[in-house]
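Hi everyone, thanks for making time for this. I'd like to walk you through one model, so let me put it on the screen.

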Amino acid sequence: MILYFSSTGNCKYTAEKIAESTRDWAMSLSEACQNGDYGLLPEQGEPLGLVLPTYFGVLPSIAADFLERAEIRIDSSNYVYTVDTYGFHYGNVADEVAKILRKKTGREQDADFLLQSVDNWVPNFDLTDQDYVRTALERADGLLDGIVKDISARKHVRVKGEWPAPMLLMMKKAYKRASRTKNFTVSDKCAGCGMCAAQCPLEAIAIKDGHPVWDKPECTLCLGCLHICPENAIAYTKATIGHGQYYNPKTTR
Ligand SMILES: Cc1cc2nc3c(=O)[nH]c(=O)nc-3n(C[C@H](O)[C@H](O)[C@H](O)COP(=O)(O)O)c2cc1C
Ligand code: SF4
Ligand code: SF4
């Protein structure tokens, strides 16, 4: 069983590739939330993989909430691993998962794998830069091949968090501040198709009078709405304007 959260396909592709190579199956955390399915209940001896992106050095809030809420049933027969996809700083995602697992199940994961890929944080990165995107995807492919081999061999390897506690606290505060939906705007290019609202894993967007309205004060900041818009009409602060959109070309939405 492989649980993944993905807004622009890096984690989805990673989970699909691992599932295909290890004859496992992948399930979307967004779909599980939408279906109210909060169970992580692998069979005896079945591996449990968690494929998650780094947001501000920590777990996406939707993933942290899911893991806190889920019924997680694992014992020593289950090989438990994380794969953390990120752009430039992997932060402390593995530590955060370990903390939740320890609290809820009395044990931590057996292995953590880091997968550097395209950074979809479009306020900081210009994703119209095709050289950057191509190079990052090529590197990710090589890394993923190694990770698949290690998972197949049930390798035990743990990753220590990148940031010390004070820095981590700062990052968490910055993430919380940045998650305010008032930072989103929509331009008059919007054609009212509703794809942004359909994409949102938290149902934080409503279409009113043919345009999206963010009707929750905060969201998980996956930027899936921005990256999916066929008109590229959504901005998250002025910093995203001109920085393009991204979806991992090796998988489908
Ligand atoms: C809100 C947000 C914050 C992010 N913060 C970080 C970060 O702190 N470090 C990093 O290396 N990448 C960061 N990223 C980039 C993603 O972790 C990375 O692109 C990931 O592979 C995206 O996975 P996905 O395509 O499955 O959604 C951030 C992305 C978002 C949307
Ligand atoms: S996806 Fe884009 S075009 Fe469609 S409703 Fe949302 S903002 Fe408008
Ligand atoms: S509003 Fe946009 S950024 Fe926020 S959770 Fe929904 S899709 Fe993701």
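Let's begin with a right-handed β-α-β unit, built from β6, helix α4 and β7. Please keep in mind that this is a predicted model. In the sequence, β6 covers residues 80–86, helix α4 takes up residues 93–105, and β7 spans residues 111–116. The two strands run parallel, and six bridges join them. If you'd like one pair to find on the screen, take Thr85: its bridge partner in β7 is Leu115.

Now over to Glu68. Where does this residue sit? Glu68 belongs to helix α3, which covers residues 61–69. And is Glu68 buried, exposed or partly exposed? It comes out as partly exposed, because 13 other C-beta atoms lie within 10 Å, while the exposed class ends at 12 and the buried class starts at 20. For a sense of distance, Glu68 and Ala94 are 26 residues apart along the chain, and 15 Å separates their C-alpha atoms.

On to the ligands. Which residues are closest to ligand 2? They are Cys190, Cys193, Met195, Cys196 and Cys229, out of 14 residues that surround this ligand. By class, that shell holds eleven nonpolar residues, two polar ones and one charged.

Ligand 3 is surrounded by 15 residues, and the closest are Cys200, Cys219, Cys222, Gly224 and Cys225. Here the shell splits into eleven nonpolar and four polar residues, with no charged one.

That's my tour, and I'm happy to go back to any part of it.

Conventions: Residues are numbered from 1 along each chain as its sequence is written. Chains are lettered from A and ligands numbered from 1 in the order in which they are written. This is a predicted model: local features need pLDDT of at least 70, side-chain atom pairs count only at pLDDT 80 or more; totals for chains, interfaces and linings use all residues. A residue is near a molecule or strand if its C-beta atom, placed from the backbone, lies within 6 Å of it. Ala, Val, Leu, Ile, Met, Phe, Trp, Tyr, Cys and Pro count as nonpolar, Asp, Glu, Lys and Arg as charged, and the others, Gly among them, as polar. Two strands pair if DSSP finds at least two bridges between them. Helices (H or I, at least four residues) and strands (E, at least two) are DSSP runs, numbered from the N terminus. A crossover is right-handed if, with the strands pointing away from the viewer, the path from the first strand over the helix to the second runs clockwise.
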